[in-house]
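Trainee: I would like to learn how to read symmetry and helix packing from a model. Please take me through an example.

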Protein chains: 2
Amino acid sequence: MSLAIAAGCEPFITSAPDSVGDARRGALACTLDLRHAGRRQVQLRYELAGEPGLPVVLVAGGISADRHVVATETFPQPGWWDAQCDAGRTLDPARRRILAIDWLGSDGLLDVPIDPADQADAIVAVLDALGIETLDAFVGCSYGAMVGLQFAALHAPRLRRLVAISGTHRAHPYASACRALQRRAVALGALQCDERDGLALARQLAILGYRTPQEFDARFGGAQVVGGRVRTDAEDYLDHCAAAYIARTPPTAFLRLSESIDLQALEPESIRVPVTVVAVAEDRLVPVDDAYALFERLVAANGQRRPQLRVLRSLYGHDAFLKETAAIDNVLREALA
Amino acid sequence: MSLAIAAGCEPFITSAPDSVGDARRGALACTLDLRHAGRRQVQLRYELAGEPGLPVVLVAGGISADRHVVATETFPQPGWWDAQCDAGRTLDPARRRILAIDWLGSDGLLDVPIDPADQADAIVAVLDALGIETLDAFVGCSYGAMVGLQFAALHAPRLRRLVAISGTHRAHPYASACRALQRRAVALGALQCDERDGLALARQLAILGYRTPQEFDARFGGAQVVGGRVRTDAEDYLDHCAAAYIARTPPTAFLRLSESIDLQALEPESIRVPVTVVAVAEDRLVPVDDAYALFERLVAANGQRRPQLRVLRSLYGHDAFLKETAAIDNVLREALA
């Protein structure tokens with residue numbers, strides 16, 4: 001594959017794809033005009049799974065997701081959405097090429113406010129570099145849905161359809177307050193030169209927002225007195241989740257991407273691309289009411305483009321996109337038909 | 001008033017009421033058998049507002065409430081439930097005597113696990129000291145409702161009716177996990193010898209559980225970039241709340257009373273006193289489903305005592321008992337008639 005150099009992207013580094021076969025990875029150096037931090041040199045990393053000639057779908061997950069969506073022969077380690085990309089599924093790489101990026105800021109080196117719209121610009125730079133004129137679809141979940149909405153608003157000619165799962169046109173003020181306190185946990189840890197303890201606590205707090213009381217009630221029991229302290233039944237699980245997370249996440253990456261969610265602010269009326277809005281009734285971070293509002297505003301502004309609304313039920317709340325594989329596949333099959 | 005000495009309470013300190021008139025306060029030294037920490041000497045502090053001869057109602061609030069429920073001529077500083085005790089209300093001290101205690105552990109000196117049932121025993125010791133044979137009612141909110149249920153289960157002959165508002169027979173595993181993380185925030189602060197920052201964060205996290213997304217959406221807007229960081233709109237409010245809280249709360253008191261909530265574990269079938277269960281549909285800490293379960297189990301075991309269920313709607317969620325004065329008064333008027 002040849003690397004076309006994007007307008008706005010300087011050619012001083014352009015790593016060729018470092019693998020060939022059923023998937024390839026690459027990186028490009030690029031200058032982007034960030035909305036809250038001015039012109040910055042950044043490195044953009046992407047992965048593209050599936051054979052040339054298939055329609056290209058950009059897949060974007062939450063702030064902890066990365067470019068490795070699906071395990072392939074070339075990159076066999078587990079991807080974050082393997083189940084959704086299984087053989088026969090709508091996102092099976094044998095049927096569609098799956099393109100994804102590492103979020104701008106995910107390496108912890110870009111320590112500035114990052115707007116979700118900046119991520120959309122970064123994706124365009126990658127498309128330009130790869131010579132991809134138009135995405136067949138953008139499937140975004142959580143933060144990825146916010147970025148997808150920005151992409152649809154800013155770069156409509158590059159996109160045929162958006163599926164926005166569990167992410168909307170704004171950050172809800174209550175969820176923003178929750179994230180602000182998660183960032184304070186990191187800051188509290190940093191005061192003692194131990195950002196890892198703070199990041200662990202932040203991640204545990206985040207998990208509570210991703211899941212539901214119903215799931216915790218089904219999984220966990222009552223508290224016990226252990227060594228003179230009360231220990232609740234979910235703490236082992238939360239410790240396990242935090243350990244896995246802090247091993248792979250720079251605190252700065254968490255802070256800047258968490259902030260980025262809170263910067264989401266978009267007028268749905270600016271979108272001129274068909275959108276499927278997917279909400280989960282039990283979502284505690286992205287209330288289903290916000291999805292209704294997004295959908296109604298899309299209908300009012302874009303009636304002829306027939307936006308779609310799907311409301312799923314899930315014990316897993318905001319994390320449904322990682323758990324409800326069959327239901328999500330049904331939505332994607334219809335949307336991408 | 002003479003101070004009768006409770007069985008189990010030793011007479012080596014018994015402070016006489018230190019005020020007279022429309023309200024009085026006192027303290028007594030007492031030995032209690034704590035369920036998770038053995039026999040301990042504790043000091044119990046109470047306040048009793050209203051003239052002798054009126055029916056006595058024990059009022060108990062959340063873990064941050066204290067014995068000063070209502071402002072009186074004798075103690076004119078604001079009480080935590082002044083609005084609910086206004087002239088003409090069911091809890092008007094001109095109509096009922098209002099008795100309350102400082103929670104066991106609230107001075108930060110009792111650094112051991114404290115069971116809600118221990119609090120019920122402490123209240124009995126105070127009743128014995130004051131020569132009060134039977135409470136006309138126990139009105140408990142949040143943690144106070146949990147303690148009230150324990151009191152009803154353990155000391156039925158001392159109580160005519162319980163009103164349990166926004167607290168049930170168990171701590172919900174999800175809410176327990178939230179509280180465990182709040183306690184970890186205090187521990188994270190303590191690692192740097194600054195429990196105050198940790199306690200501030202814990203309180204802010206707690207407030208998110210006490211309120212609702214709907215309220216935050218009505219009060220707060222989007223985030224801003226300030227000094228290179230994203231600041232969400234609710235942070236000023238959360239800072240204000242935390243400053244007020246840490247000025248009056250020893251970290252140990254918070255930790256041990258927060259733990260105590262998670263130790264709540266009671267079989268509703270053991271209750272042989274009429275109970276009015278009051279739930280708030282929007283409560284994120286005490287799901288209304290738990291109130292239904294409590295009520296149904298009371299009905300099954302106590303049908304002839306006619307337990308009552310009231311479900312309120314409130315923008316304030318768990319904090320409704322501090323905000324929905326008229327609705328709470330309606331419930332209390334009927335329950336205490």
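Mentor: We start with the ground rules, then take symmetry, helix pairs and rings in turn.

Mentor: This is a predicted model, where local features need pLDDT of at least 70, side-chain atom pairs count only at pLDDT 80 or more, and totals for chains, interfaces and linings use all residues. Residues are numbered from 1 along each chain as its sequence is written, chains are lettered from A and ligands numbered from 1 in the order in which they are written, and side-chain values use heavy atoms, with hydrogens and water left out.

Trainee: What rotation and shift superpose chain A on chain B?

Mentor: Two copies of a chain are related by a rotation about an axis and a shift along it. The fit is by least squares on the C-alpha atoms of residues with pLDDT of at least 70 in both copies. Here a rotation of 180° with 0.0 Å of shift along its axis puts chain A on chain B, at an RMSD of 0.0 Å. That is the relation of a two-fold axis. Both copies use the same surface: 100% of the contact residues of chain A recur in chain B. Contact means heavy atoms within 4.5 Å.

Trainee: Which residue of chain A comes closest to the rotation axis?

Mentor: A:Q192, with its C-alpha at 2.8 Å.

Trainee: At what angle do helix 4 of chain A and helix 3 of chain B cross?

Mentor: First, the terms. Helices (H or I, at least four residues) and strands (E, at least two) are DSSP runs, numbered from the N terminus. Axes are lines fitted to C-alpha atoms, for helices over the stretch in contact, and angles run from 0 to 180 degrees between N-to-C directions. Angles under 35 degrees count as roughly parallel, over 145 as roughly antiparallel, 65 to 115 as roughly perpendicular and the rest as oblique. Now the case: helix 4 (residues 195–210) of chain A and helix 3 (residues 173–191) of chain B cross at roughly 165°, with axes that come within 10 Å. That makes helix 4 of chain A roughly antiparallel to helix 3 of chain B.

Trainee: Is that crossing left-handed or right-handed?

Mentor: A crossing is left-handed if the near helix is turned anticlockwise from the far one by less than a right angle, and right-handed if clockwise. Helix 4 of chain A passes helix 3 of chain B in a left-handed crossing. Among the residues that meet are A:L201, A:L205 and A:L208 from helix 4 of chain A and B:L181, B:A185 and B:L188 from helix 3 of chain B.

Trainee: How do helix 1 and helix 2 of chain A pack?

Mentor: Helix 1 (residues 116–130) and helix 2 (residues 143–154) of chain A pack at about 70°, with their axes 8 Å apart. That makes helix 1 of chain A roughly perpendicular to helix 2 of chain A. Their crossing is right-handed.

Trainee: How many aromatic pairs are there?

Mentor: Rings of Phe, Tyr and Trp (its six-membered ring) pair if their centres lie within 6.5 Å; planes under 30 degrees apart count as stacked, over 60 as edge-to-face and the rest as tilted. The structure holds 16 such pairs over all chains. In one of them, A:F138 and A:F151 have ring centres 5.6 Å apart and planes at 50°, so the pair is tilted. A:F138 sits in strand 6 (residues 137–141) of chain A and A:F151 in helix 2 of chain A, 13 residues apart.
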